[in-house]
Amino acid sequence: LNTENVSQLGVKWIFSTPHFGVEATPLVADGVMYFTGPNQSYAVDAVTGRQIWHYARPMSPGIIGDASLGTNKGMAILGDKVFQVTDNAHLIALNRTTGQLVWEAVLPEEPMHYGSTVAPLVVKDLVIAGVSGGDRGIRGFLAAYKASTGERVWRHWTVPDEPKLLGGATWLTGSYDSASDTLYWATGNPYPDSDDRNRPGDNL
C-alpha cells in the first residue's frame with residue numbers, strides 16, 4: 001500500500017516482516033497480537049504495532065515439501081503460553097509475555113520426510129498438532145500434548161501400519177465440538193497420490 005491508500009483505508013499501522021508467503025492468521029489476546037513466520041514468532045501491540053518480542057530459530061536443513069518453504073499457519077494460545085510448530089515438525093511453547101521457549105516436543109519419532117505447517121489447536125488442557133509431508137511418503141498422524149509440560153498424551157495414526165499405505169497428512173487445523181466432546185480433523189492425500197498400482201481398491 002502507498003501512503004495515500006493507507007490514509008484512505010483508515011489503516012492505523014503496518015508491521016512488516018522479511019518473510020515471503022506468510023499464511024498465518026494472527027491471534028489477539030489482552031491487547032497483544034501474535035503471529036508467525038517461517039520458524040518465527042512475533043508479539044506486537046495491537047493498538048500501535050510496536051514489537052514486544054520476536055522469537056526466531058534457523059530453518060532446518062534437509063526439509064522438503066511445504067515446510068521447506070517456511071509455510072506456517074499460525075499459533076494457539078492458552079494461559080501464559082503460545083504454541084506453534086516448526087518446519088521440522090517440533091511443537092514449541094513460548095511464554096506469551098517474554099517470547100522465551102518454555103518447552104519443545106518432537107512430533108514424529110520415525111525417520112520419514114516429516115514437516116509441519118499447521119496451526120495447533122487447544123482443547124481443554126491439551127495442544128493438538130499434525131504433520132505435513134503427504135506428498136513425500138510419510139504416515140500421517142495427530143498428537144496431543146499437555147499444555148503445561150509438553151508431555152505427549154496420545155497419538156492417532158491416519159493410515160494403518162502397512163508399508164504400502166502412506167500419506168494422510170494432517171496439515172490443516174481441525175475443529176473441536178465441546179457439546180459432543182468430539183475432535184474433527186481432515187486428512188490429506190494418499191501416497192503416491194497419482195499412481196495407485198501399489199494400493200489397489202478404494203482410496204479411503
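This is a guided tour of a predicted model, to be followed selection by selection in the viewer.

Because the model is predicted, local features are restricted to pLDDT of at least 70 and side-chain atom pairs to pLDDT 80 or more, whereas totals for chains, interfaces and linings use all residues. Residues are numbered from 1 along each chain as its sequence is written, and side-chain values use heavy atoms, with hydrogens and water left out.

**First stop: the sheet S1 to S4**

Select residues 27-29 and 51-56, which are strand S1 and strand S4; strands here are DSSP runs of E with at least two residues, numbered from the N terminus. With the strands between them added, four strands form an open antiparallel sheet in the order S1-S2-S3-S4, where two strands count as paired if DSSP finds at least two bridges between them. S1 and S4 stand at the edges with a single partner strand each, so one side of each is left without a neighbour in the sheet. Neighbouring strands are turned by 15° against each other on average, direction ignored; the axes are lines fitted to C-alpha atoms, and angles run from 0 to 180 degrees between N-to-C directions.

Begin at the S1 edge, where three bridges pair S1 with strand S2 (residues 32-37) in the antiparallel sense. Here Leu27 lies opposite Tyr34 of S2, and Ala29 lies opposite Val32. The two strands make a hairpin with two residues between them, and Asp30 in the turn has a positive phi of about 55°.

Next, colour S2 by accessibility: six of its six residues are buried, so S2 is largely enclosed by the rest of the structure, buried meaning under 20% relative accessible area, exposed over 50% and partly exposed in between, with a 1.4 Å probe and protein chains only. In a regular strand the side chains alternate between the two faces of the sheet. In S2, Val32, Tyr34 and Thr36 lie on one side and Met33, Phe35 and Gly37 on the other, and all are buried.

Move on to strand S3 (residues 40-45), which is joined to S2 by six bridges and runs antiparallel to it. To locate the register, select Met33 with its bridge partner Val44, then Thr36 with Ser41. The S2-S3 hairpin has two residues between its strands, and Asn39 in the turn has a positive phi of about 55°. S3 is mostly covered, with six of its six residues buried: Gln40, Tyr42 and Val44 point one way, and Ser41, Ala43 and Asp45 the other.

At the far side of S3, five bridges pair this strand with S4 in the antiparallel sense, and Ala43 has Trp53 as its bridge partner. Five residues separate the strands of this hairpin, and Gly49 in the turn has a positive phi of about 80°.

**Second stop: the sheet S5 to S8 and the core**

Now select residues 76-78, which are strand S5, one of the two edge strands together with S8. This open sheet has four antiparallel strands in the order S5-S6-S7-S8, and its neighbouring strands are turned by 20° against each other on average, direction ignored. Five bridges pair S7 with S8, and Ile92 has Glu104 in S8 as its bridge partner.

For the largest nonpolar core, show Phe83, Leu91, Trp103, Leu107, Val131 and Tyr145, which touch the most other members among its 27 residues; such a core is a set of buried Ala, Val, Leu, Ile, Met, Phe, Trp, Tyr and Cys residues joined through side-chain atoms within 4.5 Å. Strands S6 (81-85), S7 (90-95), S8 (101-106), S9 (121-123), S10 (126-130) and S11 (141-146) each supply at least two residues of this core, and the largest share, five residues, comes from S11.

**Last stop: an exposed proline**

Finally, select Pro200, which is found in the segment after strand S16 (190-191). Pro200 is exposed, with a relative accessible area of 69%. A distance drawn from its C-alpha atom to that of Glu104, 96 residues apart along the chain, comes to 39 Å.
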